[in-house]
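The exercises below are meant for a reader who meets this structure for the first time. Each one sets a task and then works through a solution step by step.

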Amino acid sequence: MKVILLCSDYQEKLFPYDKEWQPACLEVLNVSNITLQVDFLIENGIKPNEIHVLLGHKSKQVTHLLWKYSGIQLSSNFQDFRSFLAENYANLDEKTLIIRSDYVFVREDLKKILHHDSEDSVLLIEKKESTEAICAKIENDEIKYFLGHPRDHYVTHQVAGVYSLSKEALQYIIHSSNGFEKRISGSMIPNSFYMENGLNQYIDDGSQITGIVADKEVFQMKFPWDILNANIYHLDLMMSQLTENDISSSAKIDQTASINGFIKVGDNSYLGKNVVVNGNLIIGNNVVIDNGAILNGNILIGDNSYVKDYAKIEGPTVIGKENKFGHNAEFKGVSMRGVSAVHYSEIFGVIGRYVDIAAACVSGILRFNDTRQPHKITGRIYTQENSNAIFIGDYTRTGINNVFFPGVKIGSNSALYPGLNIEKDVAHETLVIKKQEIIENSWGAKKYGW
């Protein structure tokens with residue numbers, strides 16, 4: 001079986017992680033999603049030379065991650081997936097597995113479609129928001145049609161980014177037109193390429209496509225909060241499998257540490273004096289947790305990081321590699337590689353690579369009316385789980401005593417002036433400076449009656 005991984009799209013709605021990231025390369029539990037998919041395929045008998053990767057936006061980011069897999073076919077400079085299929089059609093097997101690599105799966109669901117005996121099949125999930133997705137109607141496990149962003153009553157499931165298709169089905173995709181020929185009256189669909197448009201014609205001409213419903217959650221890296229939600233979900237799955245302690249022989253745990261839960265500790269890591277762990281904890285290699293640090297809930301900490309000096313981490317949280325949390329810093333959410341927050345701060349959200357969280361930075365995440373924060377993105381309002389978190393793009397510097405309002409998004413390579421209230425989104429590569437008015441009056445002992 002040949003496998004095609006689609007890693008070409010730019011996702012504008014992912015701001016502030018759109019500019020610096022190919023969505024397929026975003027990390028789940030500190031491992032790039034595209035790497036997780038390739039490892040899964042190889043472990044399940046797919047040879048590297050049977051894997052094709054279609055590149056586009058941030059292609060070098062993908063090739064950097066995959067160059068060690070000798071034999072993987074990397075392809076770019078195609079207008080869209082149709083032209084790629086047409087160019088490579090003769091070399092494909094009778095069945096091809098197509099995976100959108102900006103989707104995050106549980107391995108068991110990928111196995112369901114990888115090993116299914118149907119000639120043509122598509123992975124589906126239960127409906128969440130049908131007007132935000134490409135959906136399908138199934139009856140007796142057979143897909144009757146696909147629709148783009150339909151109203152709820154027209155469909156039964158959402159498409160989940162995996163297709164196992166015969167060469168005949170691929171021919172329909174190659175020769176499909178843009179948009180959706182099958183649609184609801186009054187719908188407005190971009191004049192772009194969608195595989196499902198060709199598959200609708202394939203079904204209309206008498207072929208059958210099986211709908212395989214995933215047992216677990218499937219996430220698409222489409223909005224910034226999807227990074228948070230996917231990591232939380234997979235962290236909880238990982239921690240549910242941690243049923244006993246697993247401590248490296250080179251790790252050390254101080255006798256004053258209080259541990260209430262299962263822990264997995266990597267090589268040369270250290271849990272030091274007066275550390276408190278309430279929940280399950282997995283830490284990588286060369287990690288230091290010391291001097292009264294408090295860790296509550298399910299927490300994963302990447303290699304070469306430290307949490308110390310009464311810092312407090314609230315789970316569920318995934319801390320990236322080479323992170324520094326110290327001196328009463330508080331954090332909950334997802335931090336990427338190289339984040340630093342070492343002096344009095346309280347942050348909840350997604351923090352990009354090598355972001356510097358300055359002293360006394362605070363995120364306000366609870367709105368006064370206790371509702372989720374709405375986001376206006378590309379002309380539409382979105383209000384979803386964890387949309388109240390804050391989202392800071394890669395390589396950005398915060399200022400002392402910044403206050404972040406619920407849901408604000410800060411672009412990459414930006415800088416914030418001390419004392420700012422961040423009430424709205426900040427674009428990439430932006431310096432935000434506060435204009436301060438100063439009033440001076442006389443003062444002295446005479447004001448006290450002397």
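**Exercise 1. Salt bridges**

The structure is a predicted model, and by the rule used here 18 salt bridges are counted in it. Describe the salt bridge that Lys182 forms with Asp204, and state where each partner lies.

Solution. Begin with the distance: the closest N and O atoms of Lys182 and Asp204 are 3.6 Å apart, which is within the 4 Å that a salt bridge requires. Next, place the partners: Lys182 is in the loop between α5 and α6, whereas Asp204 is in helix α6, so that the pair links distant parts of the chain, 22 residues apart. Finally, consider the exposure: Lys182 has a relative accessibility of 27% and therefore counts as partly exposed, and Asp204, with a relative accessible area of 47%, is partly exposed.

**Exercise 2. Two further bridges**

Work out which parts of the chain are linked by the salt bridge of Arg353 with Asp394, and then do this for the salt bridge of Asp356 with Arg397.

Solution. In the bridge between Arg353 and Asp394, the closest N and O atoms are 2.5 Å apart. Arg353 belongs to the loop between β30 (345-351) and β31 (356-357), and Asp394 to the loop between β35 (390-392) and β36 (403-404), which places the partners 41 residues apart. Both Arg353 and Asp394 are buried.

Turning to Asp356 and Arg397, the closest N and O atoms are 3.3 Å apart. Because Asp356 lies in strand β31 and Arg397 in the loop between β35 and β36, this pair ties together parts that are 41 residues apart in sequence. Asp356 is partly exposed at 23% relative accessible area, while Arg397, at 52% relative accessibility, counts as exposed. Elsewhere, salt bridges with shared partners join Lys19, Glu20 and Glu429 into one network.

**Exercise 3. Aromatic pairs**

The count of aromatic pairs comes to 12. Classify the pair of Phe81 and Phe84 by its geometry, and do likewise for the rings of Phe180 and Tyr194.

Solution. For Phe81 and Phe84, the centres are 6.0 Å apart and the planes make an angle of 20°; since planes under 30 degrees apart count as stacked, this pair is stacked. The two residues are 3 apart in helix α3, and are therefore separated by about one helical turn. Phe81, at 5% relative accessibility, counts as buried, and Phe84, at 1%, also counts as buried.

For Phe180 and Tyr194, the ring centres are 5.4 Å apart and the planes stand at 45°, so this pair is tilted. Phe180 and Tyr194 both lie in the loop between α5 (167-174) and α6 (195-204), and the pair ties together parts that are 14 residues apart in sequence. Phe180 counts as buried at 4% relative accessibility, and Tyr194 is buried with a relative accessible area of 18%. To complete the picture, ring pairs link Phe78, Phe81, Phe84 and Phe193 into a cluster.

**Exercise 4. Surface patches**

Which residues make the nonpolar surface patch of about 320 Å², and which form a negative surface patch?

Solution. The nonpolar patch is made by Tyr417, Leu431 and Ile433. Of these residues, Tyr417 lies in the loop between β38 (415-416) and β39 (421-422), and its relative accessibility of 37% makes it partly exposed. The negative patch is formed by Glu94, Glu119, Glu168 and Asp205. Among them, Glu94 lies in the loop between α3 (81-88) and β6 (95-100), and is exposed, with a relative accessible area of 62%.

How values were computed. Residues are numbered from 1 along each chain as its sequence is written. This is a predicted model: local features need pLDDT of at least 70, side-chain atom pairs count only at pLDDT 80 or more; totals for chains, interfaces and linings use all residues. Side-chain values use heavy atoms; hydrogens and water are left out. Patches are made of residues with over 30% relative accessible area and no salt bridge: like charges are joined within 9 Å, nonpolar side chains (Val, Leu, Ile, Met, Phe, Trp, Tyr) within 5 Å. Accessible areas come from the Shrake-Rupley method with a 1.4 Å probe; for residues, only the protein chains shown count as cover. A salt bridge is a side-chain nitrogen of Lys or Arg within 4 Å of a carboxyl oxygen of Asp or Glu. Helices (H or I, at least four residues) and strands (E, at least two) are DSSP runs, numbered from the N terminus. Buried means under 20% relative accessible area, exposed over 50%, partly exposed in between (1.4 Å probe, protein chains only). Lys and Arg count as positive and Asp and Glu as negative; His and the chain ends are not counted. The place of a charge is taken as NZ of Lys, CZ of Arg, CG of Asp or CD of Glu. Rings of Phe, Tyr and Trp (its six-membered ring) pair if their centres lie within 6.5 Å; planes under 30 degrees apart count as stacked, over 60 as edge-to-face and the rest as tilted.
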